[in-house]
Amino acid sequence: MSVAYDLAPDRRPETAADNFLRKQQQLLIDGRRVASSSGRTFRSINPATEEVIATIAEGDERDVDLAVAAARRTFEGPWRSMRAAERGQILLKWAELLKQHADEIAEIESLDAGKPIAAVLRQDLPAAIDTLIYYAGWADKISGDVVSTRSDALTYTVREPVGVVAAIVPWNFPLMIGMWKLAPALACGCTVVMKPAELTSLSALRIGQLALEAGLPPGVLNIVPGPGRVVGDALVNHPDVDKVTFTGSPGVGRGIMKGAAGNFKRVSLELGGKSANVIFDDANLDAATKAAAAGIFFNAGQVCSAGSRVLVQEKVYDEVVDRLVARAKSLRIGDPLDRATSLGPVISEKQMRSILDYVEVGQKEGASLVTGGERVGKQGYFISPAVFANVKHEMRISQEEIFGPVVSVIKFKDEADALQKANGTAYSLAAGVWSRDMGRVQRFASRARAGTVWINTYGYTDVRLPWGGERDSGLGREHGTAAIDNFTEPKAVWMNLNV
Ligand code: NAD
């Protein structure tokens, strides 16, 4: 592992991102940038330097009321009456603007979330743009059916937008996960009040401005940054919000289901994971360990589908541990703005402490920490990538989501043992399996309790395929046609042909 962090922000040439960050960041309500009702602000910190990078207006219940009222007005007015094709054109224009401002947006995201900029430019931003273009294409293709019922009636269905959507977004992929919610909601004709995570509100505010430039009518997209328990809670409990789409932790997800019951809001939840990446002894170990390392260390392990449990068949266990350790040591930790950096900091001091606590828990439980698991440097929330060997399935580091660059390597005997362990947590988001035996991988794929199964690969997502899980991993699916169903309701229409 090489550490190449050089704190020299003043030597960076002035960029468009600097220009954006210098301004006081306001709420976006009804097409206008406004101060919060309370006048309060909060600060966003660069996790790589611990420096304040922006000041942001802090919303509360009153701002949520204003944003929901604007969203409702626009939903009933211009957005609903606009031709669907025109809605799609606006979304396409927005995608064009995101491309034009790619460097600026990527820099904002990198500074705010501590993400290596190379990864934002290669993954987060292209995925967000792809999502937007994909759903822009859907806008004028959402249709119903003519259904045969009686000979004296014409009966058909239409799919109508659900109305005002609250989109609550986490800090690990602010742009990409934000767009997973915005693009289908808007394509379906809904209006949105978005609450970014308080740790990472900035990219949302920037792309919100670009949405207005693209021609999105005022009030269609409103953005209210602020604390989850204030702004998030107010949205979830608001009687005029029709749907909540949430990505975050299972604990908050549970509260959202309860809060949404007030007016029976539709709810979709993408929650946590403790995904197993299962390596059989006949696998291509080079490819498997390369993907297993990327599967846990990408985004410093702050990925809901991180392969945080690597399950390895006895015969190749030691070799896989050695290879994972070598991969961990080869990662370049450093300044996220340096394009050579592969591992940035974790998001916050709180998150860093929680991850380091888990490293201690793992050692106390008797697992062997083979490499990493320490804070790197004194400034910024950097943690060296950790590999735990001799992890027992029952240990906390094997059962609980750590959400950091920490992998638990667990031994298994045979197919049945692998499946039992892979399925043996409260989560069910994703799983990977590596073997040259095609019967075995198919058996695993069909029995794995997971919303996504990767065979001889790991970690891919595509907006064209459903995404989500059950139990502590969530409720419902995002992406593809599932998202169209999430943001529309079917209506049955009867027309008497004999009058
Ligand atoms: P979090 O649950 O703390 O916060 C998520 C969002 O919910 C934030 O915007 C937060 O402000 C808001 N929030 C907090 N309290 C709230 C409340 N009482 N009412 C309404 N909103 C509230 O999660 P996080 O720490 O930001 O993200 C990490 C978690 O998200 C992990 O568990 C991870 O697995 C999960 N995650 C899941 C996916 C997925 O697709 N399944 C993707 C990314 C992250």
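Student: Leaving aside its neighbours within four places in sequence, which residues is G259 in contact with?

Tutor: In this predicted model, G259 is in contact with V236 and N237 once its neighbours within four places in sequence are set aside. The word contact is used here for heavy atoms within 4.5 Å.

Student: Where is G259 placed, and why is G259 called buried?

Tutor: G259 has its place in helix α9. Its relative accessible area is 16%, and buried means under 20%, so G259 is counted as buried. The C-alpha atom of G259 is also separated by 9.0 Å from that of H238, although the two residues are 21 residues apart along the chain.

Student: What makes S110 buried, and which helix holds S110?

Tutor: S110 belongs to helix α4, which runs over residues 102-113. With a relative accessible area of 1% set against the limit of under 20%, S110 is therefore buried. Apart from neighbours within four places in sequence, S110 is in contact with K115, P116, I117, P336 and L337.

Student: How do you know that S275 counts as buried, and where does S275 lie?

Tutor: S275 lies in the loop between β11 (266-270) and β12. Its relative accessibility is 2%, and the limit for buried is under 20%, so S275 counts as buried. Beyond its neighbours within four places in sequence, the contacts of S275 include C304, S305, A306, L429, A430 and Y458.

Student: What makes the approach of the S275 side chain to A430 a polar contact?

Tutor: The side chain of S275 reaches the backbone oxygen of A430 at 3.1 Å, and a polar contact asks for a pair of N or O atoms within 3.5 Å, where one can donate a hydrogen and the other accept it.

Student: Which residues of helix α14 are buried, and what do they pack against?

Tutor: In α14, residues 415-422, the buried ones are D417, A418, L419, K421 and A422. These buried residues of α14 pack against β12 (276-279), β13 (309-313), β19 (406-412) and α15 (438-447).

Student: How is the chain divided into domains, and how far apart do their C-alpha centres lie?

Tutor: The chain is divided into domain 1 (15-271) and domain 2 (276-463), and their C-alpha centres lie 31 Å apart. The contact between them takes 32 residues from domain 1 and 27 residues from domain 2.

Student: Why does the ligand lie between domain 1 and domain 2?

Tutor: Both domain 1 and domain 2 give residues to the shell around the ligand, so the ligand lies between them. In total, 28 residues surround the ligand, and the closest are V169, E198, S249, L271 and E401. By class, this shell has 15 nonpolar, seven polar and six charged residues.

Student: Which element gives the most to the shell around the ligand?

Tutor: That is α8, with four residues. The helices α8 (228-237) and α9 (250-260) and the strand β10 (243-247) each supply at least two residues of the shell.

Student: Which polar atoms of W171 and L271 lie by the ligand?

Tutor: For W171, a polar side-chain atom lies 2.9 Å from an oxygen atom of the ligand, whereas for L271 a polar backbone atom is 2.7 Å from a nitrogen atom of the ligand. Both values are set against a limit of within 3.5 Å for a polar contact. On its own the ligand has 850 Å² of accessible area, and the protein covers 87% of that.

Technical notes. Residues are numbered from 1 along each chain as its sequence is written. This is a predicted model: local features need pLDDT of at least 70, side-chain atom pairs count only at pLDDT 80 or more; totals for chains, interfaces and linings use all residues. Side-chain values use heavy atoms; hydrogens and water are left out. A residue is near a molecule or strand if one of its heavy atoms lies within 4 Å of it. Accessible areas come from the Shrake-Rupley method with a 1.4 Å probe; for residues, only the protein chains shown count as cover. Ala, Val, Leu, Ile, Met, Phe, Trp, Tyr, Cys and Pro count as nonpolar, Asp, Glu, Lys and Arg as charged, and the others, Gly among them, as polar. Domain bounds come from an automatic or database domain assignment. Buried means under 20% relative accessible area, exposed over 50%, partly exposed in between (1.4 Å probe, protein chains only).
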